[in-house]
Amino acid sequence: MFNIKSVLVAIMIVGAAAAVWAVKDSLTIKQTSAVAVEAGTAAIAEDPNLTTAQSPADSVPAAAQTEAGLPSSMGLSGQMPKAASLRAITKAAKAQGASPAPVISRAPNAANMRLAQNSAATVSEIATTTTDVIEAPASKTLGLSLSVVGKSSLHSSPNDPSKQTATELWVGPSVKLSEKLKLAGLAVYTRDFENREEPNTITNTKISLSYAAIPLSRILSLAPLVAVRLPTNREAREDDRLQGGLAAEASLALETGRASGLYRLAISRNIHEQVLDRNGSPNIEWNYSNLLKGSYKLTNRVSATLGGEYIISRTYRNFQRQKFDLSEEINIDAGQGFSIDIGHSNSGDALRPNLRDSNIKLFDDEDSVIYLGLNYVY
């Protein structure tokens, strides 16, 4: 019988082997280029106008990192599959004529997609924004990013209702409208192996318009983005009576060589036909998201990324809900537009049922999810 957990473990072993290969490849490159570096240093000493070339992997535009998306609760990503998270990749993008921005890459986080499945009580849709999609190179007029993500609960028994086993397909086309503007879309198809009633779902479709990164200094850049959400998810459309959503966000990117960082503030508003959903619960009207990510390049091909997001949602009845999402992952650049992400995420309510004590933690026996993503960008 098909055991997706075993398959995931096998794939992760292959990914680890790829990481070892990447490190070896990086060391080989360093050894073969030692003489060239020494010669280049001497040349620069003779001519101050000469500078060393920057690696394409070190110049990822902040705009590329913001183009990915729109707050999920706002509904851009629409009703995210019940295990979506702050999760996708942008390191494949190239600078859009602005100062270098951080290489923050992240695969779709299974945990947030799961939370967003219930758009009525969902605030984690906001989690799918800045870094949820692999960006096509800025030099191309037409671009397409694809991600296939397998995810599974870290600990769960066969009959555990919190068990998650699913496969996601992320599709993100883009069109370069001008030197500064880009139009992009995002939709996620999910095959949930634990949901027999509705195993196949698609998120709400997000359409975003982003502006090229604005350099603030040699290492800082600011990237604005606006987006709308189309109610293509059946549950959000029929049960929550969602008609669409609007969002705005700003991302501040920091690049300091191997280390990079990203902070993103996102505000979104849902538009519903009714204040209450089919079950009588108040729908989410506003979402406010703060996302912080950090990445460090271990080699030219392998990097480690940590991410955290805190989301505050407000219903039409003025009730407030808080959600969190934490993730850790290893990103491997496989070359030729391909990359691999291996990670763990945990997300859920930020407060315990007493609404006073914090429920934020890196690991949870029931909610922690491991995931592996294969990405391609054209």
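Which residue takes a positive phi in the hairpin of S12 and S13? I looked this up before anything else, and I found Asn318, with a positive phi near 70°, in a hairpin that has 4 residues between the strands.

**Entry 1: ground rules**

I note that this is a predicted model, in which local features need pLDDT of at least 70 and side-chain atom pairs count only at pLDDT 80 or more, while totals for chains, interfaces and linings use all residues. Residues are numbered from 1 along each chain as its sequence is written, and side-chain values use heavy atoms, with hydrogens and water left out. For the names of elements I keep to DSSP runs, numbered from the N terminus, where a helix is H or I with at least four residues and a strand is E with at least two.

**Entry 2: strands S12, S13 and S14**

I followed the pairing of strands, which is counted if DSSP finds at least two bridges between them. Strand S12, residues 302–315, runs antiparallel to strand S13, residues 320–335, and 13 bridges join them. On the other pairing of S13, I found 12 bridges to strand S14, residues 338–349, again in an antiparallel arrangement. Asn331 of S13 appears in both pairings, for Ser303 stands opposite Asn331, and the bridge partner of Asn331 in S14 is Asp341. The hairpin of S13 and S14 has 2 residues between the strands, and there I noted that Gln336 takes a positive phi near 60°.

**Entry 3: strand S8 and its partners**

Next I went to strand S8, residues 220–230, where the side chains alternate. I sorted them by relative accessible area, using a 1.4 Å probe and protein chains only, with buried meaning under 20%, exposed over 50%, and partly exposed in between. Ser221, Ala223, Leu225, Ala227 and Arg229 point to one face and are buried, while Leu220, Leu222, Pro224, Val226, Val228 and Leu230 point to the other and are not.

I then listed the pairings of S8. Strand S6, residues 205–211, is joined to S8 by 6 bridges in the antiparallel sense, with Leu225 as the bridge partner of Ser210. Strand S7, residues 214–215, pairs with S8 over 2 bridges, also antiparallel, and the two form a hairpin with 4 residues between them; here Ile214 has Leu222 as its bridge partner. S8 and S9 pair in the antiparallel sense over 10 bridges, and the bridge partner of Ala223 in S9 is Ser251.

Is Val226 buried, partly exposed or exposed? I record it as partly exposed, because its relative accessibility is 45%. Counting a contact as heavy atoms within 4.5 Å, and setting aside residues up to four places away in sequence, I found that Val226 touches Ile207, Ser208, Leu209, Ala247 and Ala248. Val226 and Ser210 are 16 residues apart in sequence, yet their C-alpha atoms are 6.5 Å apart in space.

**Entry 4: salt bridges**

I took a salt bridge to be a side-chain nitrogen of Lys or Arg within 4 Å of a carboxyl oxygen of Asp or Glu, and by this rule the count comes to 10. One of them joins Glu179 to Lys176, with the closest N and O atoms 3.8 Å apart; Glu179 counts as exposed at 63% relative accessibility, whereas Lys176 is partly exposed at 21%.

Another joins the side chains of Arg234 and Glu198 at 2.9 Å, N to O. Arg234 lies in helix H5 and Glu198 in the loop between S4 and S5, so this pair ties together parts that are 36 residues apart in sequence. Both residues count as partly exposed, Arg234 at 29% relative accessibility and Glu198 at 24%.

A further salt bridge links Arg269 with Glu285, whose closest N and O atoms are 2.9 Å apart. Arg269 is in strand S10, residues 259–272, and Glu285 in strand S11, residues 284–297, so the pair ties together parts that are 16 residues apart in sequence. Arg269 is partly exposed at 28% relative accessibility, while Glu285 is buried at 15%. I also noted that salt bridges with shared partners join Glu198, Arg234 and Glu238 into one network.

**Entry 5: Asp239**

Lastly I looked up Asp239, which sits in the loop between helix H5 (234–238) and strand S9 (242–256). Asp239 counts as buried because its relative accessibility is 17%. Leaving aside neighbours within four places in sequence, I found Asp239 in contact with Arg234, Asp277 and Arg278.
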